[in-house]
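Subject: The structure I said I'd send

Hi,

Here is the structure I promised to pass on. Open it up next to this email, and then read on for what I found.

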Amino acid sequence: VMEDPTENESELDEDDGDEGDDLEYYAEAEDIGQDSLETPDDEKSDDDLELFAYECLGQDEALKLLTDSIHNVLDRLKVCNEVARLLLEKFQWSEDEVVKRFKSDSQSIFREFGWTVSRSVAGSSSA
């Protein structure tokens, strides 16, 4: 029995309407009203992955935060400023991750960057 090709096309057309359903979930604030976006603290759910507190930093505040992170890594690993900054960039500015990875295998990190290791950069000292 031969099927009518127009029947399959109509089935495909019906499936196309699903895309808009996902977009409705992310409605603009003016579409639903600003007040409905705000939730009292006692109603906030820890399970909601899209609900989190944030603070916008100014340029000076952001620079201070990044500079403080560099200095923290400098103090903890005893590496030069440039190495600390590059490591922070590589590990998305997570100081703890930088320290953990650097202390576990600094040689492989240096190889990833294509650096030759010297005692002054690696933080080693000879007696």
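Let's start in helix 6, where Glu-97 and Arg-101 sit 4 residues apart, so about one helical turn separates them. Their side chains meet in a salt bridge, at 3.9 Å from N to O. The cut-off for a salt bridge is 4 Å, so this pair at 3.9 Å does count. Are these two buried or exposed? Neither, really: Glu-97 has 27% relative accessibility and counts as partly exposed, and Arg-101 is also partly exposed, at 33%. There is a third partner to look for, since Lys-100 is linked with Glu-97 and Arg-101 in a network of salt bridges.

One thing I should say early: this is a predicted model, so every value here is computed from it.

Now for the other charged pairs. Side chains of opposite charge can pair when their charged atoms come close. How many salt bridges does the count come to? It comes to 6. Two more of them are worth finding on your screen:

- Glu-89 with Arg-85. The closest N and O atoms are 2.6 Å apart. Both residues are in helix 5, and because they are 4 residues apart, about one helical turn lies between them. Glu-89 is partly exposed at 40% relative accessibility, and Arg-85 is partly exposed at 33%.
- Asp-68 with Lys-64. This salt bridge has an N to O distance of 2.8 Å. Both residues lie in helix 4, again 4 residues apart, or about one turn of the helix. Asp-68 is partly exposed with a relative accessible area of 33%, whereas Lys-64 is exposed at 52%.

Then there is a charged residue without such a partner. Glu-95 lies in helix 6, and it is buried yet has no salt bridge. Why not? The nearest side chain of opposite charge belongs to Arg-76, 4.2 Å away, and a salt bridge needs the nitrogen within 4 Å of the oxygen, so this pair does not count. What does Glu-95 touch, if you skip its neighbours within four places in sequence? The answer is Ser-69, Asn-72, Val-73, Arg-76 and Leu-88.

Two of those contacts are good places to go next.

Take Asn-72 first. This residue is in helix 4, and at 33% relative accessibility it counts as partly exposed. If you'd like to practise with the distance tool, go from Asn-72 to Val-99: they are 27 residues apart in sequence, and their C-alpha atoms are 10.0 Å apart in space.

The other one is Val-73. Leaving out residues up to four places away in sequence, Val-73 touches Lys-78, Ala-84, Leu-88, Glu-95 and Val-98. Val-73 also brings us to the largest nonpolar core, which has 15 residues. Which members touch the most other members? They are Val-73, Leu-77, Val-79, Ala-84, Leu-87, Val-98 and Phe-102. Three elements give two or more residues to this core: helix 4 (59-77), helix 5 (81-90) and helix 6 (95-113). Helix 6 gives the most, with 5 residues.

What about the cysteines? The count of disulfides comes to 0. Cys-56 is exposed, with a relative accessible area of 67%, while Cys-80 is partly exposed at 28%.

Finally, zoom out to the whole chain. What is its secondary structure made of? You'll find 7 helices and 0 strands, so don't spend time looking for a sheet, because the count of strands is 0 under the rule that a strand is an E run of at least two residues. Going from the N terminus, the order of elements is α-α-α-α-α-α-α. The chain has 127 residues, and 15% of them count as buried. Its accessible surface comes to about 10700 Å², with 47% of that belonging to carbon and sulfur atoms. As for contacts between residues at least 6 apart in sequence, 28% join residues at least 24 apart.

If you only have a few minutes, I'd go back to Glu-95, buried yet with no salt bridge, and then to the salt-bridge network of Glu-97, Lys-100 and Arg-101.

Have fun with it!

Technical notes
Residues numbered from 1 in each chain as written. Predicted model: local features only at pLDDT ≥ 70, side-chain atom pairs only at ≥ 80, totals over all residues. Heavy atoms only, no water. Core = buried A, V, L, I, M, F, W, Y, C linked by side-chain atoms within 4.5 Å. Buried < 20%, exposed > 50% of the residue type's maximum accessible area, 1.4 Å probe, protein only. Contact = heavy atoms within 4.5 Å. Disulfide = S-S within 2.5 Å. Lys, Arg positive; Asp, Glu negative; His and termini not counted. Areas by Shrake-Rupley, 256 points an atom, 1.4 Å probe, with all protein chains shown as cover.
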